[in-house]
Amino acid sequence: MSLYSYLLISIIIFTIGVYGIITQRSGIKILMCIELLLNSANLNLVAFSSYYDNAAGQVFAIFSIAIAAAEAAIGFAILVALFRLRDTINLDNINILRW
C-alpha cells in the first residue's frame with residue numbers, strides 16, 4: 001500500500017471518531033471514539049515512519065498507545081464509579097460537577 005492509502009484510512013478513522021464524539025452521549029462510546037482518534041494518529045506516525053525509514057515515529061506511536069491505555073483505564077474506572085452512583089453512563093444525566 002502507498003502512503004496515500006494509509007493517510008486516507010487514517011482520515012476515515014479520524015472522521016468516524018470526531019463524528020462519534022460529537023453525536024454520542026454515552027461515556028463508553030465517547031471513550032471508544034477517543035481511541036479511534038488516537039489510533040488514526042498512530043497510523044499516521046507509523047506510515048510516515050516507514051515512508052521516511054526512520055524509527056522515531058514508531059517509538060512515539062508505542063508511547064502514544066501506552067498513554068491511551070492509561071487514559072482508557074482511568075476513564076472506564078470513572079465511568080464505573082459514576083454508574084454505581086447514578087445507574088447511568090449517559091453524560092447528559094450526570095451533573096455531579098455542575099452548579
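Three aromatic pairs turn up in this predicted model. In one of them, tyrosine 51 and tyrosine 52 meet edge-to-face. Another brings phenylalanine 60 together with phenylalanine 63 in a tilted arrangement. Here are these two pairs side by side.

| Aromatic pair | Centre to centre | Angle between the planes | Arrangement |
|---|---|---|---|
| Tyrosine 51 and tyrosine 52 | 5.1 Å | 80° | edge-to-face |
| Phenylalanine 60 and phenylalanine 63 | 6.1 Å | 35° | tilted |

Let us begin with the tyrosines. Tyr51 and Tyr52 belong to one aromatic cluster, together with Phe48. Are the two tyrosines buried or exposed? Tyrosine 51 and tyrosine 52 are both exposed.

Now for the phenylalanines, which take us into helix H3. Why are phenylalanine 60 and phenylalanine 63 separated by about one helical turn? The reason is that these phenylalanines sit three residues apart in helix H3. As a general point, an α-helix has 3.6 residues a turn, so residues three or four places apart point the same way. Phenylalanine 60 counts as partly exposed because its relative accessibility is 47%, and partly exposed covers values between 20% and 50%.

The helix that carries this pair deserves a look of its own. H3 runs over residues 56-86 and has 31 residues. From its first C-alpha to its last, H3 reaches 44 Å, close to the 45 Å expected at 1.5 Å a residue. Which residues of H3 are buried? They are Gly57, Ala61, Ser64, Ala68, Ala72, Gly75, Leu79 and Leu82. Among the elements covering these buried residues is H2, the helix that spans residues 27-51.

Two aspartates round off the picture, and backbone phi is the thing to check at each.

Where is aspartate 53 found? Aspartate 53 lies in the loop that links helix H2 to helix H3. Its phi is near 55°, a positive value in a residue other than glycine. Aspartate 53 counts as exposed because its relative accessibility is 73%, and the exposed class takes values over 50%.

Aspartate 87 belongs to the segment after H3. Although aspartate 87 is not a glycine, its phi is positive, at about 60°. With a relative accessible area of 61%, aspartate 87 is therefore exposed.

Put together along the chain, H2 and H3 are joined by the loop that holds aspartate 53, while H3 is followed by aspartate 87.

Key. Residues are numbered from 1 along each chain as its sequence is written. This is a predicted model: local features need pLDDT of at least 70, side-chain atom pairs count only at pLDDT 80 or more; totals for chains, interfaces and linings use all residues. Side-chain values use heavy atoms; hydrogens and water are left out. Helices (H or I, at least four residues) and strands (E, at least two) are DSSP runs, numbered from the N terminus. Buried means under 20% relative accessible area, exposed over 50%, partly exposed in between (1.4 Å probe, protein chains only). Rings of Phe, Tyr and Trp (its six-membered ring) pair if their centres lie within 6.5 Å; planes under 30 degrees apart count as stacked, over 60 as edge-to-face and the rest as tilted. The expected span of a helix is 1.5 Å times one less than its number of residues. Contact means heavy atoms within 4.5 Å.
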